[in-house]
Amino acid sequence: MILRRVARLLTTGALAALIASPAFAEGSFDPPPTAQFSQEKLGRIDAFFGKIIEEGKIPGAVVYIERHGKPVYSKYFGVRDVATKAPMTDDTIFRLASLTKPFTAVAVMTLVQDGKIKLDDPVSKYIPAFADVKVGVQKTKEGGEKVLDFEPVKRPIKISDLLLHTSGITYGFYGDSLVRKAIAAAKIYDGDPSNAEFAERIAKVPLQEQPGTLWDYGNSYEVLGRVIEVASGKSFYEYQKEKLFDPLGMKDTRYYLPEEQQKARMAQPMPNDADFRVGRPSRPDIVKKWESGGGGLTSTPHDVIRFVRMLLHKGELDGKRYLSEATFKDMTTDHIGPSSGVARDYFYFPGDGFGYGYGLAVRTDAGNAKPPPPGSLGELKWDGASGCYFIVDPKLDMFVVLMEQTPSQRQPVQRELKKLVYEALE
């Protein structure tokens, strides 16, 4: 059937016209559901990764595209470690960094639909220390000295605030506000705290702003890990393993790698690109108590593909439903749009043209999103400082997974890959 269609296009000259002209007009990029992939144009992905690997920018990567339930593109590039020259494989283990957050969000939403957590619950219901949090307000004295004052919260931090990054809890390893400097000075990552102890540390540092007022990326998902423990009566990892990882067949997804064979399968960044810039060492090969819901997971291409496939199927996979249709819809709806009253931080990582659901950026503008290229309305995406990244495009019934370990090159690689994927649609 496909060959006959191509033959007809060749006969009429339509195929040549398609290749000669851009698939979609600039500024109105919104591919129709009937768009088909050009295998020739998908081949440009090979050339792109071949070039950047040859230039020594990244050691390797795994790229997988699935549409209508079938693989469209699946390639392993380069090596997982330039020192050992071990090749990239389906069971190579990657640090997910902030790509951990969608997994945490799904775990929270399973507890919400089971009635064990309510989105409007105050966080202090599960972690009493959050009843006394204060907002840090930067003020200037008469002599020009900037000082930090503290004000009570106007309303409690809710579970939904943690999911939306509207809790006022920020990170302390970027930006130069006095609150961020205070967080950095508190050394909250030092030692070997448990999830409970880490949540207590966060409750003692000031909030950057009042809850519910600003999308501000931070340690909210670390707190959610502890909320899950309290609500479920299990450790964070045990709950995720029982409810998500084991049922989904994600046998290689965990926070730490206690076995030598697991450590040997770890993907490593280039030696000169090993700083993940997340305010703490990223060493899953050293087992600790803390399980970071915001950035601690390690996983494989096989496992991440299983998870993302479940997202494409709206919370269901292989006949098992993980999230109800209503819960999934709530999770993937933009909750910080213009009518929400939530402003956007200077560091608004979803990017222009995207709103934010629970753990996922949600495309709200098909034509003018930045960074480019634009895509389908309702697209879901997220990534992490390590470079791992996924796109879910419900309109095209498609998802894309990129696995790599490259802190410095992650954004250029992600942008170019996405551009090449969508340009291959005709």
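This is a short tour of a predicted model, moving from its cores to a strand, a helix end and a hairpin.

**Stop 1: the largest nonpolar core**

Select Phe130, Ile159, Leu162, Leu163, Val223, Phe307 and Leu311. These residues touch the most other members of the largest nonpolar core, which has 87 residues. Now keep Leu162 alone and show what surrounds it. Leaving out residues up to four places away in sequence, Leu162 touches Val123, Ile157, Ser167, Ile169, Ser220, Tyr221, Val223, Leu224 and Val227. Apart from this core lies another one, of 26 residues. Select Leu42, Ile45, Val63 and Ala424, which are among the members of that other core.

**Stop 2: Ile65 in strand E1**

Next, go to strand E1, residues 60-67, and pick out Ile65. Is Ile65 buried or exposed? Its relative accessibility is 0%, so Ile65 counts as buried. With neighbours within four places in sequence set aside, Ile65 is in contact with Phe37, Leu42, Ile45, Lys70, Pro71, Val72, Tyr73, Met398, Phe399, Val400 and Val421. To relate this stop to the previous one, draw a distance from Ile65 to Tyr221. Their C-alpha atoms are separated by 28 Å, and the two residues are 156 residues apart along the chain.

**Stop 3: Glu423 in helix H13**

Select helix H13, residues 410-423, and find Glu423 in it. Glu423 counts as partly exposed because its relative accessibility is 30%, a value between the 20% and 50% cut-offs. Which residues does Glu423 touch, not counting those up to four places away in sequence? They are Lys41 and Arg44. A second distance can be drawn here, from Glu423 to Pro338: their C-alpha atoms are separated by 31 Å, with the two positions 85 residues apart along the chain.

**Stop 4: strand E14 and its partners**

Select strand E14, residues 380-383, and show its side chains. Leu380 and Trp382 point one way, Lys381 and Asp383 point the other way, and all are buried.

Add strand E13, residues 361-363, which pairs with E14 in the antiparallel sense over two bridges. Here Ala361 stands opposite Lys381 of E14. Then add strand E15, residues 389-393, which runs antiparallel to E14 and is joined to it by four bridges. In E15, Ile391 is the bridge partner of Lys381.

Finish at the turn of the hairpin formed by E14 and E15, where five residues lie between the strands. Select Gly387 in this hairpin: it takes a positive phi near 110°.

Conventions: Residues numbered from 1 in each chain as written. Predicted model: local features only at pLDDT ≥ 70, side-chain atom pairs only at ≥ 80, totals over all residues. Heavy atoms only, no water. Core = buried A, V, L, I, M, F, W, Y, C linked by side-chain atoms within 4.5 Å. Buried < 20%, exposed > 50% of the residue type's maximum accessible area, 1.4 Å probe, protein only. Contact = heavy atoms within 4.5 Å. Pairing = 2+ DSSP bridges.
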